[in-house]
Amino acid sequence: IGNVYRAELLFRARQNPHTPGKQVPEDTVRALWRDWVHLLRIGVETGQMMTMDDLDEESYRRAMAKREDRHWVYKREGLPCRVCGTHIVMEELGGRKLYWCPKDQK
Ligand SMILES: [Zn+2]
């Protein structure tokens, strides 16, 4: 799935990244899959891993121009969460860097 989509999909679902897969409800898993399909379609159409929705015209233009403005949590460690303002955390999980919001992804 790729590291960017892993972090971004889990944030979009407000899913705690430490929850073992077997404990994630089936509805949540199916919603994650649908959201992945949605984001991949955008990625194919735009050529960018755009993981934010509902941006106004100016924000969309910025996001397409700069990666830092394109994601909810990916590579945003130490910066305020775009939803709640809590600092985004970065840690190693499965040998890859994981970015998440400890408040929104409880
Ligand atoms: Zn947050």
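**View 1. Spacing of the zinc donors along the sequence.** In this predicted model, the residues that donate to the zinc ion follow the pattern C-x2-C-x16-C-x2-D. Cysteine 84 sits in the loop between α3 (57-65) and β1, whereas cysteine 101 belongs to the segment after β2, so this pair ties together parts that are 17 residues apart in sequence.

**View 2. The zinc ion and its four donor atoms.** Here we look at the site itself. Three sulfur donors come from Cys81 (SG), Cys84 (SG) and Cys101 (SG), and Asp104 (OD) supplies an oxygen. These protein donors lie 2.0 to 2.3 Å from the zinc ion. Angles among the four donor atoms run from 99 to 118°, and the site is tetrahedral.

**View 3. The cysteines of the site and their accessibility.** Which of these cysteines are buried, and which is partly exposed? Cysteine 81 has a relative accessible area of 6%, under the 20% limit, and therefore counts as buried. Cysteine 101 is buried too, because its relative accessibility is 0%. Cysteine 84, at 26% relative accessibility, counts as partly exposed. If you are looking for disulfides, a search of the whole structure finds zero.

**View 4. The hairpin of β1 and β2.** Strand β1 covers residues 89-93 and strand β2 covers residues 96-100. The two strands pair in the antiparallel sense, with five bridges between them. Where the hairpin turns, two residues separate β1 from β2. One of the residues in the turn, glycine 94, has a positive phi of about 60°. Have a look also at leucine 93, which stands opposite arginine 96 in β2.

**View 5. Glutamine 105 and its surroundings.** Glutamine 105 is another residue of the segment after β2. Is glutamine 105 buried or exposed? Its relative accessibility is 0%, so glutamine 105 counts as buried. The side chain of glutamine 105 reaches the backbone oxygen of glutamine 15 at 3.0 Å. Setting aside neighbours within four places in sequence, glutamine 105 is in contact with Leu10, Phe11, Arg14, Gln15, Asn16, Pro17, Val73 and Trp100. Gln15 thus appears in both descriptions: it is a contact of glutamine 105, and its backbone oxygen is reached by the glutamine 105 side chain.

Note on methods:
Residues numbered from 1 in each chain as written. Predicted model: local features only at pLDDT ≥ 70, side-chain atom pairs only at ≥ 80, totals over all residues. Heavy atoms only, no water. Pairing = 2+ DSSP bridges. Helix = DSSP H or I, 4+ residues; strand = E, 2+ residues; numbered from the N terminus. Donors = N, O, S within 2.8 Å, 3.2 Å for Na, K, Ca; no water. Tetrahedral: all angles 85-135°; square planar, octahedral: opposite > 155°, others 65-115°. Buried < 20%, exposed > 50% of the residue type's maximum accessible area, 1.4 Å probe, protein only. Disulfide = S-S within 2.5 Å. Polar contact = N/O pair within 3.5 Å; in protein donor to acceptor, adjacent residues only side chain to side chain. Contact = heavy atoms within 4.5 Å.
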